[in-house]
Structures are given as structure tokens and as C-alpha cells.
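Student: Hey, I've just opened this one and I'm new to it. Can you walk me through a few spots?

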Amino acid sequence: MRQPAGRSARRSGGERKPREERWAELIEVATQVFYEKGYDGASLQDIADRLGMLKGSLYYYIQSKEDLLFDVISTVHRDGLAVVRARADVEGSPLEKLESVIVGHVEHTCRNLVPTAVFLHELSALPADRRKEVLGSEHAYQGVFRDLIEQAQSNGDVRADLDPRLAALSVLGSTNWVYRWFRPGGAFTPEQIGAELAEMSIRGIATEKALAART
């Protein structure tokens, strides 16, 4: 059973772990409430009411609203990181893997609009040390993109004049913005958006030789 991130260092040895199903429900409801009201505007009472439980019962799972936000943000980051890491593990060249990662990132964002919005809007509400704990000292999520760009640059598929970190930030910046305008059931599907944004991103950083090989 997964142990809640915000409580991992706070449990005494004799405490029981919460049931996984109830914990998952708490994270889902808290994510929705933070999305609707914002972290500052939301209260633990709001979340308890939505769950149909007493506010005091929440303290079985967390010690503060900040703990709950930390767990929500950690869950969003963990799930997204698993998607891009799996995409980076496919067969192919670094540039092909990067394209797959971009597609996976965009599709995951389109299908998880509420958690993505909470992550991007409320990450800054966490203290710096807890943000670092979520992101990792090397920004693990960004690192998947950066590492693939560096590898593609080494084999001549990405332009030598580009800084891999800036390139990774550019790709993530443009693809993250999807959450602001994508609407389920709208004119574009997640698959179409992922494919086209990946194509534009790759064309922006690839060498002429690499682009010629793609046609």
C-alpha cells in the first residue's frame, strides 16, 4: 500500500495506514476543490464536506492543508513523470523518443486537465523545500526532455547552437499551455494535438539532416 507523501515522515511506528481507497478518494476530492476554489480559497472543511466526513477525520490522513496540497501535487507529478519516462523507454533514436515523450505529455495533459491545472497554479503555494521535494533537485520531469535533447544533439539530430535546458523549457512551456485551451469533445482530439505539437517542437530544434530523414 502506498504511503501518503505528506505523512511519510510524520507517522509514528504504531499508527495504522489509511485504506488505499479512501486515500485515493481524498486526493481526488482535494484536487477538485483546489481547482474550483484555489488553494488559498479552499478549506479543509470544504474538502471534508465534499467527502461526507467530519473535518477532524481528515487529520487521520494529514496534519495540515499544506500537507494535503503537497500530496496532491506529488501525485500529479508522479503520474505525469511515469508517462514520460515510459515514453522515453521506447525503441528508437533519441529524437524519436523525444517525439514520443512530447506526444505522451500532451495527451496526458489533455486527459487530466484538473490535476494539471492544480499542479501548475498551486505548486508555488508550497514552501521551497517541499517544491524541491516534489520536483527533485534536478527537476526530474524536465530532465527527461533535456536528456533526450542532449542525446539527440550528440548524434547530430538536434542543432548544436541550442542549449538543451532552454530547449526543454521551451518545449514544456508550449505544450503545458494546452491545459488552458483544450476542451474535451472540441475540435481537436488529444491524439491530434499531441502529434501536431510534437511535430512543431521537433521541427524547431532538429537539424536539416534529421528533418530530411523524417520525410
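**Rings and helices**

Tutor: Sure. Let's start with Y179, which is buried, at a relative accessible area of 11%. Keep in mind that this is a predicted model.

Student: OK. Which ring does Y179 pair with, and how are the two planes set? And how many aromatic pairs are there in the structure?

Tutor: The structure has five aromatic pairs. Take Y60 and Y61 as a starter: their ring centres are 5.1 Å apart and their planes sit at 85°, so that pair is edge-to-face. As for Y179, its ring pairs with that of W177, with centres 6.4 Å apart and planes at 80°, so this pair is edge-to-face too.

Student: Back to Y60 and Y61 for a sec. Is Y61 buried or exposed? And what about Y60?

Tutor: Y61 counts as buried, with 9% relative accessibility. Y60 is partly exposed, at 26%.

Student: Which residues form an aromatic cluster?

Tutor: W23, Y60 and Y61 form one.

Student: Switching to helices. How do α4 and α8 pack?

Tutor: Helix α4 covers residues 94-111 and helix α8 covers residues 164-176. Their axes are 10 Å apart, at an angle of about 30°. Angles under 35 degrees count as roughly parallel, and α4 and α8 are therefore roughly parallel to each other. Their crossing is right-handed.

Student: Which residues meet there?

Tutor: From α4 you have I102, H105 and V106, and they meet V171, L172, T175 and N176 in α8. Sorted by type, the residues of that contact are four nonpolar, three polar and no charged.

Student: And how do α4 and α10 cross?

Tutor: The axes of α4 and helix α10, residues 190-205, come within 8 Å and cross at roughly 140°. The two helices are therefore oblique to each other, and the crossing is right-handed. On the α4 side the contact includes L95, L98, I102 and V106, and on the α10 side I193, L197 and I202 are among the residues involved.

Student: How does that contact divide by residue type?

Tutor: The contact of α4 with α10 has 13 nonpolar, two polar and five charged residues.

Student: Last one: where is E28, and is it buried or exposed?

Tutor: E28 lies in helix α1, residues 20-37, and it is exposed, with a relative accessible area of 58%.

Student: How far is E28 from Q151?

Tutor: They are 123 residues apart in sequence, and 37 Å apart in space from C-alpha to C-alpha.

Definitions and conventions:
Residues are numbered from 1 along each chain as its sequence is written. This is a predicted model: local features need pLDDT of at least 70, side-chain atom pairs count only at pLDDT 80 or more; totals for chains, interfaces and linings use all residues. Side-chain values use heavy atoms; hydrogens and water are left out. Axes are lines fitted to C-alpha atoms, for helices over the stretch in contact, and angles run from 0 to 180 degrees between N-to-C directions. Helices (H or I, at least four residues) and strands (E, at least two) are DSSP runs, numbered from the N terminus. Angles under 35 degrees count as roughly parallel, over 145 as roughly antiparallel, 65 to 115 as roughly perpendicular and the rest as oblique. A crossing is left-handed if the near helix is turned anticlockwise from the far one by less than a right angle, and right-handed if clockwise. Contact means heavy atoms within 4.5 Å. Ala, Val, Leu, Ile, Met, Phe, Trp, Tyr, Cys and Pro count as nonpolar, Asp, Glu, Lys and Arg as charged, and the others, Gly among them, as polar. Rings of Phe, Tyr and Trp (its six-membered ring) pair if their centres lie within 6.5 Å; planes under 30 degrees apart count as stacked, over 60 as edge-to-face and the rest as tilted. Buried means under 20% relative accessible area, exposed over 50%, partly exposed in between (1.4 Å probe, protein chains only).
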